[in-house]
Amino acid sequence: MSKPLEGILVVDFSQYLSGPSASLKLADLGARVIKIEKPGLGDECRGLFFSNLVMNGESSMFHAVNRNKQSYKADLKNEAERQKVYNLVKQADVVMHNFRPGVAERLGIDYDTVKSLNSEIIYAELSGYGKEGVWKDKPGLDLLLQSISGLTQLNGNDGAGPVPIGLAVVDLLSGAHLAQGILACLYRKVSTGKGGRVEVSMLESALEYQFESVTCFHRDGGMPTVRPKSNSAHAYLGAPYGIYGTKNGAIALAMGSIPVLGDLLGCAELKNYPEVASWFNQRDEIKDILAKHLATKDTKDWLAVLEPADFWCAEVMNWKTLFDTEAFKILNMIQEVSMSDGYKFKTTRCPIQINDGWLTSEVGTPKLGEHTEEIAKEFSL
Amino acid sequence: MLPLEGITVLEFAQFMAGPSAGLKMADLGARVIKIERPGSGEAGRQIALKNIFIDESSMVFHTANRNKQSYAADLKNADDLERVKKLIAQADVMTHNFRPGVMDKIGLDYDTVKAINPRIIYGVVSGYSSVGPWAKKPGQDLLIQSLSGFVNLSGNADNEPTATGLATSDIFTGVDLVQGVLAALVQREKTGEGAKIEVSLLETTLGLQFEVLTTYLNDGNKAPQRAKKGNAHAYLDAPYGIYETKDGHISIGLTPLDVLVKAMGTELPAEFADKNTWYVKRDEIMAFLSEILVKETTQHWLSVFEPMDLRVSDVYTYKQLFEHEGFKTIDMMQEVETSDNITMKTTRCPIRIDGKKIFSRKSAPKPGEDNAIIEKEFNL
């Protein structure tokens, strides 16, 4: 299957997760991605281990984010090596980085320099907080951005204190926004020949991610965010929206009518809330009633009455139970990739499907500098 | 010139995932026309947060559908359908999130549309993909977070499964749709051919967990273990987490434990000297840190850690954030206005192009608000 970005060359100076997650998407869509890594440690994510798991010498996170890419090792502070990188940049479609403000200038890969080398380049940069103001030099780490952007106030129950999302959502969303900007500029480049500049910050991405609740805050006169007392899954939505324990597990209920739910579940007390407004205004007491009632039977007993009525509900699963379902198996969501030394590992595939085909790739993660010589030769650096 | 100027997108999609994709394309310069049923319009107009409405439509609808036009058409009416087909013939992209089979019944399935316009990019959003036993189940954000294991990552060890309190699956699915559509537009410039792009909430939400799933798949399938208190990531070492202080909280990101403890002016107990214990004994270490951190104010600790460039931060509410100079600098808010002159403050596009922020004053349209202009302009 031909992939849509075949023929596009991306030179990626980014490290850790935000930038590399963007170039992974571009790679899976068919672009050739060359990581430029410093000698010694390379991308520092190589040594950022999850739960002490070492996979062929490197972290699981690094493998997940950097498969399907090549690695070119260069010390940008060394004049001769930098010239070689410049020669590569001259032949690229996209240059990207996620350095803190000022670093790209010091390394000689700032926008003006790169544009002078290649006037049609798409130059994409990702920062923590933008390039101006009192926060510009702060470290741009996912948890810190979740903490200052108000995101930790939205999850968990009232009284639980700040609850962050246990996944680097801000890194991933800012990376996704960077990829969107790059792709939009690539479209303009192939249709008009014009290059472009794309800038994204984790702070701006974190705020747009919360566009519903941020807009709500401005609309309702700045009322504080109040989460439900129990079974919370959204601070601004009424009952039944939430996750509830059952006799043997848990069930999620999305939006729906409380009296209808009362009928379906055989819970007479829920019939006392006929007004739609009460589902939000009295959500804590409604959720209490629901929680007590749902705890009396198994998840499958509740699904058996709710699903035929098309009430929005789901069993809360873990990966093991999900992976055993037929619905998961037919998605072929897991692929195996191979490194050049023969090491193989399992990971997820790109979630986008094109013309009824999945965007899979068997190419594993590059060793630091694995493709330096090959690239130098191919691009006459 | 915005990068997608000249591109026309027809949005048959409803609720959040598809419309959030349309919004991003609109902000990047595309013209996005919602195709809606006459009268009531798309179902998402009635989904409200805190029961807040702007006009006949909810604030949430206006948030996700600003900067778009609306063309009302009854797809079950032959004349209306004919006009929509004429519009499709002149469009670059169309998106929908109907359950599998619905577009076939209407007669706007990919094969039919491709015959009308071979250059079109046809984007589909579903809950669980178009095949398999779950294909016709309702695909809704919280349900997908719950099915996909995502809810097992947040909150503390003893908490119930904890969802993100915002539509994370919808938002990321919309993002994947945009990426697929834009990549196909790039390819179309070379080949002249359109494409079908499909995304599902389930696949996106699994893709979103790629780092932790790669860990799970290669560590012998160990279930994720959330920290006992202050959990911020099931798979990361201490000190990663949020801690109470004397007057609030402090977040501590990736910071070597020994450096942190030294900065706190104390000694790392010998039992935690080996770096391998920082994950294995995470709960004990976090409890040890908590006892010290709670004795001083957040500002005290920030004034100790920040000059050392340790990765720490205060924890803000919206009020605290919006009053901060750091927030004001980024100019993130904009005012939008409906055709009845009702204004609303909302966020702008987070992507800057060619050194410029992207603003747009147009709020969401009423159903069919642009029928006359569109019929004339596209000669329907």
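1. Let's begin with B:P239, which sits in the loop between α9 (210-218) and β7 of chain B. In this predicted model, the peptide bond leading into B:P239 from B:A238 is cis, with omega near 10°. Chain A has a cis bond from A:A239 to A:P240, again with omega near 10°; A:P240 is placed in the loop between α9 (211-219) and β9 (242-245) of chain A.

2. While you are in that loop of chain A, have a look at A:N231, which is found between α9 and β9. Its phi is positive, about 50°, although the residue is not a glycine. A:N231 counts as buried because it has 26 C-beta neighbours inside 10 Å, and the cut-off for buried is 20 or more.

3. Another asparagine with positive phi is A:N332, where the value is near 45°. A:N332 belongs to the loop between α15 (326-329) and β12 (334-338) of chain A. Here the surroundings hold 11 other C-beta atoms within 10 Å, so A:N332 is exposed.

4. A:R67 may interest you too. This arginine lies in the loop between α2 (60-66) and β5 (70-73) of chain A, and it counts as buried because 24 C-beta neighbours fall inside 10 Å. Leaving aside residues up to four places away in sequence, A:R67 touches A:V337, A:T347, A:V363, A:G364 and A:T365. A:S338 is 271 residues from A:R67 in sequence, yet their C-alpha atoms are 9.0 Å apart.

5. On to helix packing in chain B. Helices α7 (residues 168-191) and α8 (residues 201-208) pack at about 95°, with 9 Å between their axes, and are therefore roughly perpendicular to each other. On the α7(B) side the contact uses B:S169, B:D170, B:F172, B:T173 and B:D176, while α8(B) brings B:L201, B:T204, B:T205 and B:L208. By class, these contact residues are three nonpolar, four polar and two charged.

6. Helix α12 of chain B (residues 282-293) has twelve residues and reaches 16 Å from first C-alpha to last, close to the 16 Å expected. Its buried residues are B:R282, B:I285, B:M286, B:F288, B:L289 and B:L293. They lie on the same side of α12(B), because they cover an arc of only 155° around the axis. The cover over them includes β7 (241-244), β8 (249-252), α10 (257-263), α11 (277-280) and α13 (298-305) of chain B.

7. Finally, the contact between the chains: 123 residues come from chain A and 115 from chain B. Helix α7 (residues 169-192) of chain A gives the most to its chain's side, with 15 residues. That side of chain A has 71 nonpolar, 35 polar and 17 charged residues.

Key: Residues are numbered from 1 along each chain as its sequence is written. Chains are lettered from A and ligands numbered from 1 in the order in which they are written. This is a predicted model: local features need pLDDT of at least 70, side-chain atom pairs count only at pLDDT 80 or more; totals for chains, interfaces and linings use all residues. Axes are lines fitted to C-alpha atoms, for helices over the stretch in contact, and angles run from 0 to 180 degrees between N-to-C directions. Helices (H or I, at least four residues) and strands (E, at least two) are DSSP runs, numbered from the N terminus. Angles under 35 degrees count as roughly parallel, over 145 as roughly antiparallel, 65 to 115 as roughly perpendicular and the rest as oblique. Two residues are in contact if their C-beta atoms, placed from the backbone, lie within 7 Å. Ala, Val, Leu, Ile, Met, Phe, Trp, Tyr, Cys and Pro count as nonpolar, Asp, Glu, Lys and Arg as charged, and the others, Gly among them, as polar. The expected span of a helix is 1.5 Å times one less than its number of residues. A residue is buried if 20 or more other C-beta atoms lie within 10 Å of its own, exposed if 12 or fewer, and partly exposed in between; C-beta atoms are placed from the backbone. The arc is that of the directions from the helix axis to the C-beta atoms.
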